[in-house]
Amino acid sequence: MGMHLAIDMGSESGRAIVGWLEDGVLKTDLIHRFRTQFTRVHGKDYRNLYRFNDEIQYALSLYAEKYGPKLDSISVCSWGGDFAVLNRDGNLNHLPLSYRSIDSEERTKQLIEETFGERALYERNGNQRMPTDPLRLLLRMKLEDDPSLDDPHGMLFIADAMHYLLGAEACCERSMVTFGRLFDFRKDDWDWEVFERFGLPRGLCSRVVPPGTRIGEVDPAIVKAAGLEGPVPIVTSCTHDTACALTAVPDNGSGWAFISCGTWALMGMEVDAPVINDISYENNFNNTSVPFGRTMFKRNMTGTWIIEQCKQRWGRYSYDQIVDLAEAAEDSDLSIDINSRDFYDPEDMPAAISAALKRDFGAEVDPNDVATIAAVVYRSMALEFQRYLGALLRAAGRKIDRIYMLGGGSKNRLIAQYTANACGYRVYTGVFEGSSVGNLLLQAYACGELKDKEAMRRVSANTFPQTAYEPKDAEAWQRRYAIFAERVIRKNLW
């Protein structure tokens, strides 16, 4: 069978994973890991795409060294939000500014309300409004008179840009376009009226391609330098990493929801068509195109971002050590609203958590009390999942009896167990690199090795044994949620 290379770029790190099919099982090999966090230039945080490109080229050389000169395909998936803009020469105008920079948040929010109205816009695209969404980022650029908008020749989301730098055509894969509040599901195209009314140039709109499309080949010079023999096809898996993860759910049945848990946590389900109604709007739910004409209906929430920032501040602890300490912490009802502005990008995350606990509970918690702070974060993530799961099911008119948790955060046994306790459903884990797995399965599909979605999910089920977490302590978690709802929940940042 073919050999494929998935580049899975998260907000904290990127991974290069080789994959191939063998007797109905996906074999994988992590050959390279690299940092993807932003770089600071004159007080602003940017995504250094050129360094990421160097890391991908290095991964190609590692592949050639270990597996030889033949590579059947490569595909990149990444986080949503950030994008690059091309100029008339086909070069990047500048590095993308990190979505964590939200200086223009109130101005862009006001501009949307005055120009279109949030509800009217939602009826067109069914997308969650966030300070990080591509529409808001474009409006910020317009308000700041960014020269990138003077004569653009296409916008490329992060994974699309990485494909382009490798040698692909300048195009956008559909899952990321439908995420960005710039796509009209009713017309299945860029929403030209949105561009016109906001005064955004149409030159931003690159060609939209579906997953499973061959969009070019790796530049022969890159192929030669890596020690490969070309051509090396570049194919689109899903450029939105969560859309890839959904493909990796190891279940061909119905009656399940999923949580893709990384820096961001995305909870949702696969549905036949976009869900756009009063419940979905009021809860700020999102619709994203996924392969085979289906839609991912979900809610974006803060994931492991908070604990990642705490870990950096604490310094000497590994993630496993933090989980062990949290598990041994004294049981309590303390919680925080993880989607609050307080925890979006504070200078000192443990101090921000301590301040919130003092405000909401009168509790004195030392920011260096790793056990208590970590337990609060993990507990609060589960309570936030409980907060939105019921509304998701009502909006979609669905019932479930199980949840699949995928991604790096699903390795955390406390998050998985607390989620089962809070939501009242069995939680399965086992596909820990969900985005990479989905990426590889979609490459195999694009190369004719798997015929449909059902075949991909059978491979995932055959490959990854599942660990089940049964709900426990229902009464205690009902009490915790009542306290969380009364004391903690406030108007979210999104």
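How many bridges join strand β15 to β19, and do the two run parallel or antiparallel? Five, and the strands run parallel. Before I go on, note that this is a predicted model.

Let me stay with β19. The strand covers residues 402-406, and five of its five residues are buried. R402, Y404 and L406 point one way from the strand, while I403 and M405 point the other way. Both sets are buried, the arginine R402 included.

Now the neighbours. On β15, which spans residues 256-261, S260 stands opposite L406 of β19. The other partner is β20, residues 426-429, which is joined to β19 by three bridges and also runs parallel. There, Y404 of β19 stands opposite Y428. To get from β19 to β20, the chain passes through helix α15, residues 413-423, and this β-α-β crossover is right-handed.

Next, the cysteines. How many disulfides does the count come to? Zero. Take C77: the closest cysteine sulfur is that of C244, at 4.3 Å. The cut-off is 2.5 Å, so the C77 and C244 sulfurs are too far apart for a bond. C77 is also buried, with a relative accessible area of 0%.

C172 is in no disulfide either: the nearest cysteine sulfur belongs to C171 and is 7.0 Å away. C172 has 0% relative accessibility, so this residue counts as buried.

To recap: β19 is paired in parallel with β15 and with β20, its five residues are buried, and the disulfide count is zero.

Definitions and conventions: Residues are numbered from 1 along each chain as its sequence is written. This is a predicted model: local features need pLDDT of at least 70, side-chain atom pairs count only at pLDDT 80 or more; totals for chains, interfaces and linings use all residues. Side-chain values use heavy atoms; hydrogens and water are left out. Buried means under 20% relative accessible area, exposed over 50%, partly exposed in between (1.4 Å probe, protein chains only). Helices (H or I, at least four residues) and strands (E, at least two) are DSSP runs, numbered from the N terminus. Two strands pair if DSSP finds at least two bridges between them. A crossover is right-handed if, with the strands pointing away from the viewer, the path from the first strand over the helix to the second runs clockwise.
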